[in-house]
Amino acid sequence: MPDLLIELFSEEIPARMQAQAADGLKKLVTDALVERGLLYEGAKAFVTPRRLALAVHGLPGRQADQREEKKGPRVGAPEGAIAGFLKSAGLASLDQASVQSDPKKGDFYVAVVEKPGRPTPEVIADIIPAIIRGFPWPKSMRWGSGSLRWVRPLHSIVATFGAEGDEPEVVRFEVDGIVSSNVTYGHRFLAPAPITVKRLDDWMAKLEAAKVVVDRDRRKDIILNDAKDLALANGLELVEDEGLLDEVAGLVEWPVVLMGAFEERFLEIPGEVIRATIRANQKCFVLKNPATGRLANRFLLISNLVASDGGTAIVAGNERVIRARLSDAKFFWDTDRVNGLASRMPRFQSITFHEKLGSQAERIERIRRLAVEIAPKVGAEPALAEEAALYAKADLLTEVVGEFPELQGLMGRYYAQGENLPPEVAAACEEHYKPQGPGDRVPTAPVSIAVALADKIDTLVGFWAIDEKPTGSKDPYALRRAALGVIRIVLENGLRVRLWSILRNRAIEVLQTIKQIPFEEAFDSISALPPDIRTLKGVQAAEDELLFELASSGSRLAVFGEAVKIADDLLSFFADRLKVHLREHGARHDLVDAVFALEGQDDLFLLVDRMTALARFLDTEDGKTLLAGYRRAVNILRIEEKKDGRAFTGPTNSTLFKEPAEDHLADAIEQVKFRVAAAVAKEDFAAAMTALADLRAPVDAFFDAVTVNDPDPALRENRLKLLDEIRAATRGIADFDRIGG
C-alpha cells in the first residue's frame, strides 16, 4: 500500500517546541485522514532544528465509495421544505427520491446519495494546506508580504505519495506561494544543495549523507554515547543531564562532541553553580573525576558541524564565554559569603509576598511561629526549627540565586554551612522546599520536616484565605503540589499530626494580616468562645451556636469563624489530594471517603492506617458478607424512612423483641460497639475489624428469621431502629454508606 511523506522545511525551530510540534503534526494529519475514511497502518513524526516531518504508512490509493440515505420531509410538505431537501441531497426532482412509510410519522421522502471515493493524493492536497495554516505553534510569526504564520519562515514543503517500488508522485498544493515538491535541503553548512527525495527510507538516507540525522532519538543516542566515550578517553565521567540532552538534540542536525577546559581556580565554586552556569549559558555538559567524585575543570560542548580545524576555534570560543560566566559566578559566590544571611533579612520587609498577604517578612514570621508549634509534634528541637525557619528564605536575596533561581535552597545550605550554623539549620534551608514533585524525596530530618510543613501549610492557608483556590486545571500557586507535599511528608515519615487546629490557627494569623487586627487580639478571641466550639468535633456539632456567637460578638470572633471555615475547607482539599495519592498507589478512594466522613479525622497517618485495615477486612469473606448485609439493612431503612417521612434511630426496646434473632443481633451490636470503641481507642484497627466481623452471623440470621415490616407498627418501628443500630455499630470504623463496589 502507498506511503505518504510530508516535510516542512524552515528556519530553526526553537528546541523547546520541537517534540510537541512533531506530536501535533502526527495527530492533526492522521486524524484528518481517518475522518475522511483513509485508514493507515502506522505513522511516525520526525523533527530537527530546520524541519518537521511525518511519514504515514499503508494508506489506500483512494477513498471508498460512500452510499448515504438522506431522510427528507413528509409527503405533502410545503414547497420550501421540498426545495431545501432536493438542494441538500443534490437531486433535480422528487422523481430521483423514494418514498418510505413510518407507522408513526407517515410517508416521507428518502434520497440515496452516492459519493464516489476520491484519490488519496487529492484528499491529502486538501488536508495539508489547512493544517499548515492553522498549526498550533505556541508562538508564530509572519515574514515578508505573506499572510502565513509559522514558527520561523517556512521555505519549502515536501509531499510525496506512492507504493514501495513505484515512482512516488508529488502531492500538488500551494501554501502562501510555497509550492509542494520532492526537493529538500541538507545541512546548512556541510551540504546545503537541494536534494530530490522519494519516500521515507530514501529521504532519511539522503539526508544522512547530507549531514542531517532526522531521528531525534538517534541524535540523542549519538550525543550521549560520544560524550561518554570522550569523557572516558580522558579519564573522566559524564554528569548526565536528561533535560540538557533533550535540548541540545534540538539544536543540532549533525552532532559533534568536543571537549573544552576552564581554570582550576573556578572549582572553588560549588559544583552546582558551575554546572548551572555552563548549562544555562552554553548548553554544555560538565564532567567529574571518578576518583574524587568532584567536578573536573572540563566540559563537553555539542557542535553542529565538522570543523576543518577539528573544532579548535569552536572550543576556544566556548572557553572564552564560559571563563567570563564563571568569573561572574565566582564574584557572586564571594560577595554572598562576605554578606551573611542575617544581613539580608531586613530587606524582606520591603518585598511583597502577595498584595493581599503582606510582605515576605510577615510570611517568614508566620512560618517561624508555625515551625516552633510543629517542632515538638515531629521530634524537632523548637529552637533549631525557629532558627531554620528564619533563615530558610534568606538565600532568595543572594546574588547566586538571583542569577540561578533553580539553586534556591541548595545555596542556603551552602551559606549556612559557611557561617557554621547548626547542621540541622543548614539542611532545612535546602530541604524545606521538598518534595517538589512526585519523584522528589521528602525531608526526613525533624527540623527540615517542621520547616517544610510550616512553609507549605502557610502557603495553603494564605491563598485559601484570599479565595485563590485551584480551579479545574488552573493552579498558578502550585497549591495541589503543596498539599501533596504535606501528605507525603506525614505519611512517609509516619507522623502523628492533627491538622485541623493547625490550619485554623494559621488561618487566624493570615486573616489578622489581611484585616489588620493585632496578632494577640486575634488569638485572644479563641478564649472568648465557649469551650465546646474550639475543637473540630465541637465546631461540627455546634454550628448553629457558633454562627449565633459570630453574629453577636464583633470582628474578633468573625475572624475565628472565617478561620474555622478555611480549616474545614482545606481539610476537604487534603482528603481529595489524599485520594489521588492513594489511588496512584492502588488504593480505593471510596475508602478514604468512608473514613474521612467520620468526625475528627484530621490525622492523616492514622486515617490511612484505618483505611488499610478496612480494605483488608473488606477483601475477606466476612467483610464482603457483612457489607452486603449492611447494604440490605440500610436500603430497607431508607425506603421506610422516605415512606414515613421520618428517621428511625435507636435505642431499641428489648421488650418488643419477638424473635430470638432480634435478641441475638441486639446483644451482638452492643458487644461489637464496645469492642470496636476499645480497639479504636488503642488504634488497633485490626482488632476493630475482627470485632466487626462478629456481626456477620447475627445480621444474616436476623434477615433469615425476621420480617422487618411487621403489620404491628410498634414491632416494625423497633426493628427499623435495630437496623439503624447496625449502621451505628459500623460507624465506629467508617461510614459504610460511602463504600462502593
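Is the crossing of α21 and α22 right-handed or left-handed? The crossing is right-handed, a word used when the near helix is turned clockwise from the far one by less than a right angle, anticlockwise being left-handed.

Welcome to this predicted model, where local features need pLDDT of at least 70, side-chain atom pairs count only at pLDDT 80 or more, and totals for chains, interfaces and linings use all residues. Residues are numbered from 1 along each chain as its sequence is written, and side-chain values use heavy atoms, leaving out hydrogens and water.

**The helix pair**

Helix α21 covers residues 589-596 and helix α22 residues 604-618; their axes are 9 Å apart, at an angle of about 120 degrees. The two are therefore oblique to each other (neither under 35, over 145, nor 65 to 115 degrees). On the α21 side, Leu591, Val592, Val595 and Phe596 make the contact (heavy atoms within 4.5 Å). Their partners in α22 include Arg610 and Met611. The contact of α21 with α22 has 10 nonpolar residues, no polar ones and one charged.

**Aromatic rings**

The whole structure holds 13 aromatic pairs (ring centres within 6.5 Å). In one of them, phenylalanine 9 and tyrosine 185 have ring centres 5.4 Å apart and planes at 35 degrees, so the pair is tilted (neither under 30 nor over 60 degrees). These partners are 176 residues apart in the chain. The table shows how accessible each one is.

| Residue | Strand | Relative accessibility |
|---|---|---|
| Phenylalanine 9 | β1 (residues 3-10) | 3%, buried (under 20%) |
| Tyrosine 185 | β11 (residues 183-185) | 28%, partly exposed (20% to 50%) |

Elsewhere, ring pairs link Phe135, Trp137 and Trp150 into a cluster.

Definitions and conventions: Axes are lines fitted to C-alpha atoms, for helices over the stretch in contact, and angles run from 0 to 180 degrees between N-to-C directions. Helices (H or I, at least four residues) and strands (E, at least two) are DSSP runs, numbered from the N terminus. Ala, Val, Leu, Ile, Met, Phe, Trp, Tyr, Cys and Pro count as nonpolar, Asp, Glu, Lys and Arg as charged, and the others, Gly among them, as polar. Rings of Phe, Tyr and Trp (its six-membered ring) pair if their centres lie within 6.5 Å; planes under 30 degrees apart count as stacked, over 60 as edge-to-face and the rest as tilted. Buried means under 20% relative accessible area, exposed over 50%, partly exposed in between (1.4 Å probe, protein chains only).
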